[in-house]
Amino acid sequence: MKSVFDIEDLGFTYRKGVRAVDGVSFTVQKGEIFGLLGPSGAGKSTTQKILTRLLHRFEGTVRFEGRDLRSYGNEFYERIGVGFELPVHFSKLTGKENMEFFARLYSKTADIDSLLQRVGLFEDRDRLVGEYSKGMKMRLNFVRAMLNDPEVLFLDEATNGLDPKNARIIKDLIREFQSSGGTVLLSTHLMGDVEELCDRVGFITDGRIREIASPRDLKLRHGRRELVVEYREGKTQHTERFNLDTIGEDERFFELVRNKDIETMHSGETTLEEIFIKVTGETVDA
Amino acid sequence: MRNLGLLLKGEVQRLLKYNIVQVGFGVTMLWVLVMFLLGREEAGFFVPLFVFMDAALMSVLLMGAGLIYEKQENTVKSMLVAPVGLPHVIASKLISAVYVALQSALFIGLVAFFFFDVTVRFHILLPVVALVALVHAAIGFALTLVTDDFTSFIALLAVYMIVFTFPSIFYALDLTGEILEMLLIISPAHASMLWIETAFDEAARTVLLVLGSVYLLILSAALIWFVGRKYPESAIRE
Ligand SMILES: Nc1ncnc2c1ncn2[C@@H]1O[C@H](COP(=O)(O)OP(=O)(O)OP(=O)(O)O)[C@@H](O)[C@H]1O
Ligand SMILES: [Mg+2]
């Protein structure tokens with residue numbers, strides 16, 4: 001597989017002395033959705049800012065399609081789309097005017113109206129962005145990132161501040177972008193987004209990547225292999241857990257299945273959040 | 001070049017939407033109104049001062065206001081990930097500021113010429129105003145890069161005015177002695193003022209003028225260099 005980004009031993013210290021990224025290495029393959037998952041202040045946005053060439057004084061090497069990132073000129077930006085974690089719009093221009101303002105700067109552009117339509121902002125396209133809600137501004141951020149029909153999409157907390165319906169729309173669009181051949185690097189602290197979207201995920205805390213794996217592999221490796229059975233006995237509800245490796249010989253399990261009023265049975269795979277705590281020794285708010 | 005044109009178009013659109021051009025024009029109208037209130041005799045005496053205020057102070061203020069908005073709304077970040085060169089972005093802002101100042105100066109000059117019989121040497125006035133506006137727009141730009149919000153911008157601007165501009169205005173009104181004059185030349189405001197006066201006065205002092213213009217050019221270059229270095233950093237709050 002072809003790699004889009006090769007990042008080796010990346011380091012960054014802000015002028016105020018904060019060491020935000022410290023020895024980070026990973027590769028983003030062409031066509032994959034790579035997630036950077038970590039708690040607040042882990043260094044996700046800083047890493048994204050380095051890869052999008054907003055921060056220059058970094059240590060280590062970053063290669064984009066095999067070539068040193070620093071060797072690219074402005075044409076680099078024709079090929080990537082950047083979604084920021086905070087709104088980046090002119091509040092006294094309308095949503096549509098904002099998008100036209102930036103679209104002008106690219107040599108090729110996506111269809112603004114249909115993008116606005118997709119994220120549900122078409123009706124509000126002629127309203128001033130100053131009157132938009134936070135969720136509307138974040139959806140406009142996504143449109144901004146997609147303006148130039150990019151090959152690589154960077155998304156920093158793209159579903160932040162969105163209700164479930166709109167988060168769904170954005171996640172569908174991210175998937176669609178991938179199926180049409182795009183590569184995505186997304187930062188998030190939401191386990192759900194990672195499980196649903198990412199092919200691979202890097203856990204990052206305190207500026208270091210602790211582990212890189214597919215969300216599924218992580219669950220299998222760190223998860224508990226068990227079956228959770230919930231059943232009712234009279235008015236009270238009971239829960240029992242069975243080890244998947246020995247369940248075939250577990251008489252208690254068969255007894256429950258035969259004699260009890262079973263309500264639910266589900267695999268007791270740990271959530272990514274639990275894995276997160278195990279891998280990093282930290283807690284995180286999902 | 002295509003990019004610069006597009007950026008200029010966007011910048012002007014932005015300045016209009018944020019009412020910055022309108023405010024600038026309103027202030028120009030104010031000077032004209034004052035001229036009519038002062039009457040023929042007095043107005044002629046004040047015209048250079050009005051042109052100076054417009055080209056210098058308004059350029060600092062309008063540039064600052066525009067940039068502070070931009071910083072608060074994080075739109076620079078969005079600009080920085082578009083395929084445009086930073087020098088073009090900075091140039092588009094400075095050129096817009098110079099353009100607005102030229103329009104105002106031309107308007108004041110025409111009113112002075114036609115309604116107040118003031119001698120206006122337009123071929124000197126316009127380049128002079130362009131340079132004065134450029135250096136002051138660059139000062140406004142630089143000030144926003146060393147401040148965090150509009151309040152501290154205004155505070156710094158006040159300091160700048162007290163140190164550099166007020167002595168110049170007193171001088172123009174003949175309130176200070178001649179000795180100060182050589183000292184005053186280090187003030188961009190004063191060099192600007194001298195220059196603007198020559199657009200209305202045949203008997204200009206060439207030595208000071210050359211000194212002043214060389215100084216303004218060097219100062220503009222230094223400020224633009226500073227802006228180029230600091231602008232992206234401040235946008236990303238590195
Ligand atoms: N401009 C800045 N100046 C100084 N320190 C900064 C700056 N921006 C971020 N930091 C610090 O760098 C570290 C990493 O920050 P970063 O924004 O990359 O984290 P993050 O993982 O994106 O967090 P979040 O989930 O809250 O967005 C934090 O300790 C933060 O305080
Ligand atoms: Mg972040």
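In this predicted model, the largest pocket encloses about 420 Å³ of space. Its lining is made up of 22 residues, and those closest to the pocket centre are Gly41(A), Ser45(A), Thr46(A), Lys49(A) and Glu85(A). By residue class, the lining divides into eight nonpolar, seven polar and seven charged residues. Helix H1 of chain A, which spans residues 44-51, gives the most to this lining, with four residues.

Two of the residues closest to the pocket centre, Ser45(A) and Glu85(A), reappear at the magnesium ion (ligand 2), where they are the protein donors. The donor atoms are OG of Ser45(A) and OE of Glu85(A), and they lie 1.9 to 2.6 Å from the ion. Ser45(A) belongs to helix H1 of chain A, whereas Glu85(A) sits in the loop between strand E6 (80-83) and helix H3 (95-103) of chain A, so the pair ties together parts that are 40 residues apart in sequence. The two donors can also be set side by side in terms of burial. Ser45(A) has a relative accessible area of 14% and is therefore buried, while Glu85(A), at 32%, is partly exposed.

Turning to chain A as a whole, its secondary structure comes to 10 helices and 13 strands. Along the principal axes, the C-alpha atoms of the chain fill a box of roughly 70 × 45 × 40 Å. Of the 286 residues in chain A, 53% are buried. One buried position is Leu105(A), with a relative accessible area of 3%; this residue lies in the loop between H3 and helix H4 (112-118) of chain A. The C-alpha atom of Leu105(A) is separated by 9.2 Å from that of Glu78(A), a residue 27 positions apart from Leu105(A) along the chain.

Aromatic contacts offer another view of the model. Over all chains, the structure holds 25 aromatic pairs. Among them is the pair formed by Phe76(A) and Tyr77(A), with 5.5 Å from centre to centre and 65° between the planes. This pair is classed as edge-to-face because the angle between its planes is over 60 degrees. Both partners are shielded: Phe76(A) is buried at 0% relative accessibility, and Tyr77(A) is buried at 3%. A further edge-to-face pair joins Phe253(A) and Phe254(A), again with a centre-to-centre distance of 5.5 Å, and with 70° between the planes. Here Phe253(A) counts as buried, at 11% relative accessibility, but Phe254(A), at 31%, counts as partly exposed.

Phe76(A) and Tyr77(A) also take part in a wider arrangement, since they form one aromatic cluster together with Phe5(A), Phe64(A), Tyr72(A) and Phe154(A). Charged side chains meet aromatic rings in chain A too. Arg70(A) lies over the face of Phe58(A), at 4.0 Å from the ring centre. In a similar setting, Arg125(A) lies over the face of Phe122(A), at 3.9 Å from the ring centre.

In chain B, helix H9 (residues 188-198) is mostly covered, with 11 of its 11 residues buried. The buried residues of H9(B) include Trp195(B), Met193(B), Leu194(B) and Ile196(B). His190(B), Ser192(B), Glu197(B) and Thr198(B) are likewise among the buried residues of this helix.

Conventions. Residues are numbered from 1 along each chain as its sequence is written. Chains are lettered from A and ligands numbered from 1 in the order in which they are written. This is a predicted model: local features need pLDDT of at least 70, side-chain atom pairs count only at pLDDT 80 or more; totals for chains, interfaces and linings use all residues. Side-chain values use heavy atoms; hydrogens and water are left out. Rings of Phe, Tyr and Trp (its six-membered ring) pair if their centres lie within 6.5 Å; planes under 30 degrees apart count as stacked, over 60 as edge-to-face and the rest as tilted. Buried means under 20% relative accessible area, exposed over 50%, partly exposed in between (1.4 Å probe, protein chains only). A charge sits over a ring if NZ of Lys or CZ of Arg is within 6 Å of the ring centre and within 35 degrees of the ring normal. On a 1 Å grid over the protein atoms alone, a cavity is a set of points where a 1.4 Å probe fits but cannot get out, and a pocket is an open set with protein on both sides within 12 Å along at least five of seven lines; lining residues have an atom within 4 Å of a point. Grid points are joined across faces, edges and corners, and a volume is the space filled by probe spheres set on the points. Helices (H or I, at least four residues) and strands (E, at least two) are DSSP runs, numbered from the N terminus. Ala, Val, Leu, Ile, Met, Phe, Trp, Tyr, Cys and Pro count as nonpolar, Asp, Glu, Lys and Arg as charged, and the others, Gly among them, as polar. Donors are N, O and S atoms within 2.8 Å of the metal (3.2 Å for Na, K and Ca); water is not among the atoms, so sites may look incomplete.
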